[in-house]
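Work through the exercises below with the coordinates at hand. Each task is followed by a solution in steps.

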Amino acid sequence: MALNDNATLVIGSGNYLTAPVGTDLPEDLLVPTSPWSVVGHTSLEDIFSIASEGGEATVIGTLQNKNLRTKYSARTETMTFTLQQFDIPGLKLYYGSNAPVLANGTVGVPTEPTPTTAAFLAVFVDGENHFAFYAPKAEIYRADDVSFGDTESLAGLPIGVKPMAFGSNTYTYAITPLGGSVATGATMVAGAEGTFTPENSVAPANLGAMASVTAQPATAWTAGSFVTLGDATKAFWDGDSWESGVAS
């Protein structure tokens, strides 16, 4: 791995957004459009964290090799940030999507709360760089108890976001890499995985995003050749267009 100064991150600003489940990542992360909606003001101090549960390792062996393989249990991750906007949408994110708005305008705390289920996006900006976490489906609910500690700081609602598998996806959330632009070319390696160009470029998000990528060679790729896309699927050049899967 080469040194890449452009892949470092110092957060200058950011935003957290929600949208209906399954909403695609916006084309412009700095100007997300509808149906993406900003959740509100958030803490300058407790910006963002990710905690995980599970992932325990179990060593599996045989009589001949007692350390033959290692198996890992499923891991569940929770993203957290502190919301500092105590309006109705903010209170519903914390107390549950089924929190009722009562006749007098107050928000009731439900006895059996239901998390908000939505697509989630966290975008962080560092000068000209921007970095994001995207979950096409997530459950959003309180992450901790509320505590009002002093009279000089903004109060906050600790929010937890649990990314969930969506549809046939083999991932729960995605992260945008830093230090490279989206690839403009793809070079075949006969019978194996090819490479994207220019060097350090980012793989296109999906098959649809391959439309602007130039194949090298321009003739049909040989059997077993492919490139891996950002959504972990594979694609190959058939001599006329990009197709899903591996060349046969």
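**Exercise 1. Identify the residue opposite F236, then describe the sheet around the pair.**

F236 stands opposite E243 in β16. The model is a predicted one, in which local features need pLDDT of at least 70, side-chain atom pairs count only at pLDDT 80 or more, and totals for chains, interfaces and linings use all residues. Residues are numbered from 1 along each chain as its sequence is written, and side-chain values use heavy atoms, with hydrogens and water left out.

Step 1. Strands (E, at least two residues) and helices (H or I, at least four) are DSSP runs, numbered from the N terminus. Two strands pair if DSSP finds at least two bridges between them.

Step 2. Strand β15, residues 234–237, is joined to β16 by 3 bridges in the antiparallel sense.

Step 3. The open sheet has 3 strands in the order β14-β15-β16, with antiparallel pairing. Since β14 (227–228) and β16 (242–244) each have a single partner strand, they stand at the edges, and one side of each is left without a neighbour in the sheet.

**Exercise 2. Characterise the surroundings of V246.**

Step 1. V246 is located in the segment after β16.

Step 2. Its relative accessible area is 37%, so V246 is partly exposed; on this scale, buried means under 20%, exposed over 50% and partly exposed in between, with a 1.4 Å probe and protein chains only.

Step 3. Contact means heavy atoms within 4.5 Å. Leaving aside neighbours within four places in sequence, V246 is in contact with G224, S225, F226, K234 and F236.

Step 4. From V246 to T233 the C-alpha to C-alpha separation is 9.8 Å, and the two are 13 residues apart in sequence.

**Exercise 3. Which residues stand opposite T18 in β7 and in β2?**

Step 1. In β7, the residue opposite T18 is F120. The antiparallel pairing of strand β1 (residues 13–19) with strand β7 (residues 116–126) extends over 7 bridges.

Step 2. In β2, the residue opposite T18 is S37. Strand β2 (residues 37–38) runs antiparallel to β1, and 2 bridges join them.

**Exercise 4. Determine how the buried residues of α1 are arranged, and examine T116.**

Step 1. Helix α1 spans residues 88–95, and G90, L91, L93 and Y94 are buried in it.

Step 2. Seen down the axis of α1, these buried residues fall within an arc of 155°, so they line one face of the helix. The arc is that of the directions from the helix axis to the C-beta atoms.

Step 3. The buried residues of α1 pack against β6 (75–83), β7, β8 and β9 (157–163).

Step 4. T116 is found in strand β7 and counts as buried at 17% relative accessibility. Not counting residues up to four places away in sequence, T116 touches K92, L93, S97, A138, E139 and I140.

**Exercise 5. Describe the two largest pockets by volume and lining.**

Step 1. On a 1 Å grid over the protein atoms alone, a pocket is an open set of points where a 1.4 Å probe fits, with protein on both sides within 12 Å along at least five of seven lines; lining residues have an atom within 4 Å of a point. A volume is the space filled by probe spheres set on the points.

Step 2. The largest pocket holds about 1,100 Å³. Its lining has 35 residues, of which L25, T176, V202, A203 and A205 lie nearest the centre.

Step 3. Strand β8 gives the largest share of that lining, 6 residues. β8 (129–142) and β10 (174–175) each supply at least two.

Step 4. The second largest pocket has a volume of about 350 Å³. Of its 16 lining residues, Q84, S153, L154, A155 and G156 lie nearest the centre.

Step 5. Ala, Val, Leu, Ile, Met, Phe, Trp, Tyr, Cys and Pro count as nonpolar, Asp, Glu, Lys and Arg as charged, and the others, Gly among them, as polar. The lining of the largest pocket then divides into 21 nonpolar, 10 polar and 4 charged residues, and that of the second largest pocket into 5 nonpolar, 7 polar and 4 charged.

**Exercise 6. Locate the unusual backbone angles.**

Step 1. Most residues other than glycine have a negative phi, and most peptide bonds are trans.

Step 2. S34 and P35 are joined by a cis peptide bond with omega of about 15°; P35 is in the loop between β1 and β2.

Step 3. The bond from Q216 to P217 is also cis, with omega near 5°, and P217 lies in the loop between β13 (214–216) and β14.

Step 4. A232, in the loop between β14 and β15, has a positive phi near 75°.
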